[in-house]
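User: I've got a two-chain model open and would like to talk it through with you. Can we start with how the chains meet and then look at a few odd spots in the backbone?

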Amino acid sequence: DEKITPPPEGIQDKTAFIFNNLNQMNLTPKCEELKEVIGTDYWPWVSQYLVMKRASIELNFHTLYSNLLDSLKTKELNVQVLKETHRNIKILLRTDKSAGNFSDRALLKNLGHWLGMITLMKNKAIILDDLDIKSLIVEAYRKGLQDLLYVVPFAAKIMESCARSIVFKPPCPWTMGIMNVLGELHREPEMKLNLKFEIEVLCKALNIEVGELQPQGILKDDVAYKIMVPQLSYAQRD
Amino acid sequence: LMDELTLKGVTQYYAFVQERQKVHCLNTLFSKLEINQSIIFCNSTQRVELLAKKITELGYACYYIHARMNQADRNRVFHDFRKGHCRNLVCSDLFTRGIDIQAVNVVINFDFPKMSETYLHRIGRSGRFGHLGIAINLITYDDRFTLQKIENELGTEIKPIPKEIDKALYVASYQQEGAHEEEEHNG
């Protein structure tokens, strides 16, 4: 991991001020202001600030921040923000979940929603090297309830964005592959009610009937579906 | 009515300032905090309009409402604020139920109120599971006794503002999941 250099305090203050006063109507002038304040050197820091201090917490402004990325039209920033989003997701997926840290779960859910917006909703793929959602769900199932409580709401929040994507809306095979695993999970008699509910809400958003999903019987069968790269274990190294 | 409002979950601070330093102080707060949405209270309708005008010139994005506007306009502004069209709201005292907008994580008393009841209406949250938030009071020399009086009457503590405010005191992620947890225990 390369070190991210934070800008001098004055620039940090101005950035916070811009974000605290950003809304849909002043997006264009505030973008210009941000570019002026940041110059060319601190985009990695801004990406980190946007993801960690804003998107992971301020779920209600995800559309606004996604529009901000669009109107800034800075390719480097988009690349950095995506990288930073995945970095934070990986950290949260690998944390010790036995303690049931509720704020971690909320952060992960928020980051899932954010990830869906800046990729799927903009018709960009989530590549397997960054995050393998299907494998992640299976892995969580095999690990147990604590992991499912993290992973299912997270995956559902990502997939929500498929509803507003020309490329990824059902019956896109990638999307349906993940939905079918969720459908299989939904049929588990012991499944926790609120996780079933998360899946039903997602199906509704995507205009799918839960009953029409086609489970492949892969959750319990580690011959039929082998997890190639574990994503949940915190002992794992890059 | 006062029984229904609680200060639980709201961390309260004061900053000792002179009247002419208040806007500067507000600038500092807006440069140091991560504000989702904020409400800024003034003691009179004129001061609401003056402050809103002043800070808009300084690059803030804010709406304002006060008691002298007609009800339809007030509703409209409040509705738009709730929707997140604008992030900051300057207003006089017209909330009688406590603020129930989850996104508001920072409330600023630009003018400190005279009565503890007013203070509670501005800062207090309705319901037992109030959202996390911080309240910041700008206190002038003239307010020093009122501050003590209100603290005593409400049985609460208003601390001097520290250099760094712990994010865990006002970021939303804790609260959302707190409600979720209730559900899980019940279901």
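Analyst: Sure. Contact here means heavy atoms within 4.5 Å. Keep in mind that this is a predicted model.

User: With that cut-off, how many residues of chain A are in contact with chain B?
Analyst: On the chain B side, 29 residues take part. Their partners in chain A number 33.

User: What share of the area buried between chain A and chain B comes from carbon and sulfur atoms?
Analyst: The two chains bury about 2,500 Å² between them. Of that area, carbon and sulfur atoms give 48%.

User: How far apart are the closest N and O atoms in the salt bridge of B:Lys32 with A:Glu9?
Analyst: The rule finds 3 salt bridges across this interface. In the one pairing B:Lys32 with A:Glu9, the closest N and O atoms are separated by 2.6 Å.

User: Which helices of chain A each supply at least two residues of the side that touches chain B?
Analyst: By class, that side of chain A has 14 nonpolar, 9 polar and 10 charged residues. The helices that each supply at least two of its residues are H1 (9–20), H3 (43–55), H4 (62–72), H6 (102–118) and H10 (193–205).

User: Turning to chain B, what percentage of its residues is buried?
Analyst: Chain B has 6 helices and 9 strands. It is made of 187 residues, and the cut-off for buried is under 20% relative accessible area. The buried share is 53%.

User: Back in chain A, is A:Lys73 buried or exposed?
Analyst: A:Lys73 sits in the loop between H4 and helix H5 (75–93). Its phi is near 50 degrees, a positive value in a residue other than glycine. Because its relative accessible area is 70% and the cut-off is over 50%, A:Lys73 counts as exposed.

User: Where does A:Asn207 lie, given its positive phi of about 65 degrees?
Analyst: A:Asn207 is not a glycine either, despite that phi. At 74% relative accessibility, A:Asn207 is exposed. Its place in chain A is the segment after H10.

User: Which residues does the cis peptide bond with omega of about 10 degrees join?
Analyst: One partner, A:Pro171, lies in the loop between H8 and helix H9 (173–187) of chain A. The bond joins A:Pro170 and A:Pro171.

User: Last one: how far apart in space are A:Gly144 and A:Ile11?
Analyst: A:Gly144 is in the loop between helix H7 (133–143) and helix H8 (145–159) of chain A. In sequence, A:Gly144 and A:Ile11 are 133 residues apart. In space, C-alpha to C-alpha, the separation is 45 Å.

Note on methods: Residues are numbered from 1 along each chain as its sequence is written. Chains are lettered from A and ligands numbered from 1 in the order in which they are written. This is a predicted model: local features need pLDDT of at least 70, side-chain atom pairs count only at pLDDT 80 or more; totals for chains, interfaces and linings use all residues. Side-chain values use heavy atoms; hydrogens and water are left out. Buried area is the accessible area (1.4 Å probe) that two parts lose on being put together, summed over both. A salt bridge is a side-chain nitrogen of Lys or Arg within 4 Å of a carboxyl oxygen of Asp or Glu. Helices (H or I, at least four residues) and strands (E, at least two) are DSSP runs, numbered from the N terminus. Ala, Val, Leu, Ile, Met, Phe, Trp, Tyr, Cys and Pro count as nonpolar, Asp, Glu, Lys and Arg as charged, and the others, Gly among them, as polar. Buried means under 20% relative accessible area, exposed over 50%, partly exposed in between (1.4 Å probe, protein chains only).
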